[in-house]
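Trainee: Could you take me through one part of this model up close? I'd like to look at the second helix and how the rest of the chain sits around it.

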Amino acid sequence: MRIHVDMTLCESHGQCVFAAPEVFSFDDDDRLVHADTAPPELLDRVKAAAASCPVRAITISEHPS
């Protein structure tokens with residue numbers, strides 16, 4: 001799956017980090033960092049992360065292309 005975070009929308013609330021820490025985290029400057037892809041077994045967690053984003057900055061595609 002492909003993961004995209006619109007960094008112009010992201011306000012670093014961190015809900016995605018709680019939902020899917022394997023994919024989302026913060027750097028030393030408290031800016032969100034994330035993987036561009038994730039394995040299928042994390043799909044539910046990544047969907048939960050996207051749904052929990054208060055500004056809807058996260059979009060996912062279940063297909064890698």
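**A close look at helix H2**

Mentor: Let's start with the whole chain, which is a predicted model. For 65 residues, a compact globule would have a radius of gyration near 11 Å, and the chain has 11 Å, so the two agree. Along the principal axes, the C-alpha atoms fill a box of roughly 30 × 20 × 20 Å. There are 2 helices and 4 strands, and from the N terminus on they come in the order β-α-β-β-α-β. Buried residues account for 31% of the 65. If you take the contacts between residues at least 6 apart in sequence, 59% of them join residues at least 24 apart.

Now to your helix. H2 covers residues 43–52, and Leu43, Val46, Ala49 and Ala50 are the ones to look at, as they are buried. Why do they count as one side of H2? Because they cover an arc of only 125° around the axis, they sit on the same side of the helix. The general rule helps here: an α-helix has 3.6 residues a turn, so residues three or four places apart point the same way. Turn to the other side of H2 and you find Asp44 and Ala51, which are exposed.

What do the buried residues of H2 pack against? Their partners are strand E1 (2–5), helix H1 (15–19), strand E2 (24–26) and strand E4 (58–61).

Follow the chain on from H2 towards E4 and you come to the loop that holds arginine 56. Arginine 56 isn't a glycine, yet its phi is positive, at about 55°. As a general point, most residues other than glycine have a negative phi. Arginine 56 counts as exposed because its relative accessibility is 53%, and the cut-off for that word is over 50%.

Aspartate 30 makes a good companion to look at. It is not a glycine either, and its phi is positive at about 60°. You'll find aspartate 30 in the loop between E2 and strand E3 (32–34). With 55% relative accessibility, aspartate 30 counts as exposed.

One last thing to look for is empty space inside the model. The count comes to 1 cavity of 30 Å³ or more, and the largest cavity holds about 100 Å³ of space. Its lining has 15 residues, with Cys10, His13, Gly14, Cys16 and Cys53 nearest the centre. By type, the lining of the largest cavity splits into 10 nonpolar, 4 polar and 1 charged.

Conventions. Residues numbered from 1 in each chain as written. Predicted model: local features only at pLDDT ≥ 70, side-chain atom pairs only at ≥ 80, totals over all residues. Heavy atoms only, no water. Buried < 20%, exposed > 50% of the residue type's maximum accessible area, 1.4 Å probe, protein only. Arc of directions from axis to C-beta. Contact = heavy atoms within 4.5 Å. 1 Å grid on protein atoms, 1.4 Å probe; cavity = no way out; pocket = protein on both sides within 12 Å on 5 of 7 lines; lining within 4 Å. Points joined across faces, edges and corners; volume = space filled by probe spheres on them. Nonpolar A, V, L, I, M, F, W, Y, C, P; charged D, E, K, R; others polar. Rg over C-alpha atoms; globule rule 2.2 N^0.38 Å.
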